[in-house]
Amino acid sequence: MTAQPKPTLVSGDPAGRTRMRDAGTQDRPIEKPKSKKHLFVYGSLAFVALALTVPIAQRWLSTELAVSASRLRTAEVQVGQFVRDVAVQGRVIAAVAPTLYSPEAGTVTLLVRAGETVQEHQILATVDSPELNNRLQTEQATLESEEVELERTLIEAKQTQLENHQRIDLAKIALDAADREKRRADLSIQANAISKLDHEKALDELTTAHVKYEHAVQDARLSKERLAFEQRTKELMVQRQRLMVEELQRQVDELAVRSPATGVVGTMMAEQKAAVDRNQPLLSVVDLSAYEIELQVPQSYGDDLSTGVGTEITYEGRVYAGQIATVSPEIQNNQVMARVRFSGDLPEGLRQNQRVSTRIILESRDNVTTVQRGPFYDSGGGRIAYVVEDGYANRRDIDTGATSVNAIEILDGLRPGETIEDLDCVY
């Protein structure tokens with residue numbers, strides 16, 4: 001037998017009667033199909049809406065990031081003067097800070113201490129050198145001996161000249177006597193008072209006296225030249241010895257070590273009463289009246305550095321003019337050492353090893369297209385910029401040239417008057 005379905009109680013029947021489930025619950029209504037006219041209208045509206053929204057959607061999809069305008073930093077492309085410069089931190093150093101050395105080996109006596117103010121030519125230390133003092137005394141004695149020898153030579157020269165004059169005078173007297181005898185013989189031979197032999201003898205005596213006189217004059221002349229030569233030789237020997245004594249005296253005077261400038265005693269490099277060698281460092285003096293700025297410039301700017309290049313030194317909010325005084329010919333740790341000298345008066349209150357900001361002006365040109373330097377240059381390597389147009393930052397390829405602390409030269413890709421944004425997060 002087949003089981004009969006259990007009747008279902010229908011709630012709300014007052015009689016509590018039951019009835020059998022019919023097929024009405026399985027039926028569902030079927031809607032009447034719409035006409036093709038309505039489908040065409042709906043499709044046209046959807047096409048128009050799609051055509052209007054596609055450009056906006058494409059522009060929105062092409063945007064990498066949306067940023068509030070209040071967060072953007074913009075810069076305008078301009079045409080004007082371009083100053084290529086580089087900013088570096090400098091260190092204040094004393095332009096004159098000499099180190100004093102021991103002139104000779106000996107014992108040093110220090111007369112000042114580190115930090116004391118000293119004046120130019122003030123004696124700072126003395127070196128006791130017995131060997132140098134002994135050499136000076138020896139050479140002084142030799143000089144005195146040479147001077148005595150020169151005086152003796154002068155006296156001998158005077159004596160020799162006197163003897164020469166005497167011989168000349170005697171020869172002249174003999175010549176005059178022979179001449180008189182010759183005249184007497186001439187008169188006597190005419191009177192036949194003497195023989196011809198006596199007359200010829202008188203002539204021979206005159207000739208002999210004349211020869212002796214001439215020789216005496218020549219001997220005196222040669223003797224005078226010889227004496228002058230000997231005197232000159234002695235004078236040169238005395239002069240040479242005097243120069244040697246003066247040099248030794250100078251060395252002895254330098255045993256008193258003096259300050260080359262007015263300043264402050266720096267580092268003490270020797271102990272009191274210590275034995276020192278020649279050229280051993282003793283102490284240093286710092287001249288506080290002349291300061292320079294020592295710079296370490298990146299080697300990429302090394303070719304542009306030269307003496308006379310202008311600089312601006314910022315100290316305590318004020319800018320002071322300066323110029324490069326020296327440039328090191330070598331590179332150390334990718335840095336070029338340079339020194340800057342103040343062009344005018346020195347700022348008050350400078351201290352050695354103090355840090356100051358220095359701007360080196362390498363080049364200045366007019367009518368150059370530039371834009372303010374910012375993070376976009378480092379982020380894009382100087383080849384990409386985002387130009388602000390109609391509220392959107394559009395990427396554009398650019399070509400840059402020289403750079404400075406505050407500006408970048410634009411060679412291509414940007415026009416004067418355009419605005420670029422400078423926010424790192426866009427990239």
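Strand β4 and strand β13 (residues 291-298) pair in the antiparallel sense over 5 bridges, and I93 stands opposite E292 in β13. Pairing requires that DSSP finds at least two bridges between two strands; strands (E, at least two residues) and helices (H or I, at least four) are DSSP runs, numbered from the N terminus. The model is predicted, so that local features need pLDDT of at least 70 and side-chain atom pairs count only at pLDDT 80 or more, whereas totals for chains, interfaces and linings use all residues. Residues are numbered from 1 along each chain as its sequence is written, and side-chain values use heavy atoms, with hydrogens and water left out.

Strand β4 (residues 78-94) is also joined by 13 bridges to β17 (residues 355-372), in an antiparallel arrangement; Q78 has T370 of β17 as its bridge partner. Strand β17 is further linked to β14 by 4 bridges, again antiparallel, with T311 and I360 as bridge partners. On its pairing with β15 (residues 318-332), β14 (residues 310-315) forms 6 antiparallel bridges, and T311 stands opposite G322. The hairpin of β14 and β15 has 2 residues between the strands, and E316 takes a positive phi near 55° there. Side chains alternate along β14: T311, I313 and Y315 point to one face and are buried, while G310, E312 and T314 point to the other and are not. Buried denotes under 20% relative accessible area, exposed over 50%, and partly exposed in between (1.4 Å probe, protein chains only).

An open sheet of 4 strands follows the order β5-β12-β10-β7 with antiparallel pairing. Strands β5 (99-101) and β7 (117-118) stand at the edges with a single partner strand each, so one side of each lacks a neighbour in the sheet. Strands β5 and β12 share 3 bridges, and Y101 is partnered by P281 in β12.

The largest nonpolar core (buried Ala, Val, Leu, Ile, Met, Phe, Trp, Tyr and Cys residues joined through side-chain atoms within 4.5 Å) comprises 24 residues, of which V108, L124, L282 and L283 touch the most other members. Elements giving two or more residues to this core are β6 (106-110), β8 (123-128), α2, α3 and β12 (281-286). Apart from it lies another core of 21 residues, including V86, L305, I313 and L362.

The axes of helix α2 (residues 130-190) and helix α3 (residues 196-253) come within 7 Å and cross at roughly 170°. Helices α2 and α3 are therefore roughly antiparallel to each other.

How values were computed. Axes are lines fitted to C-alpha atoms, for helices over the stretch in contact, and angles run from 0 to 180 degrees between N-to-C directions. Angles under 35 degrees count as roughly parallel, over 145 as roughly antiparallel, 65 to 115 as roughly perpendicular and the rest as oblique.
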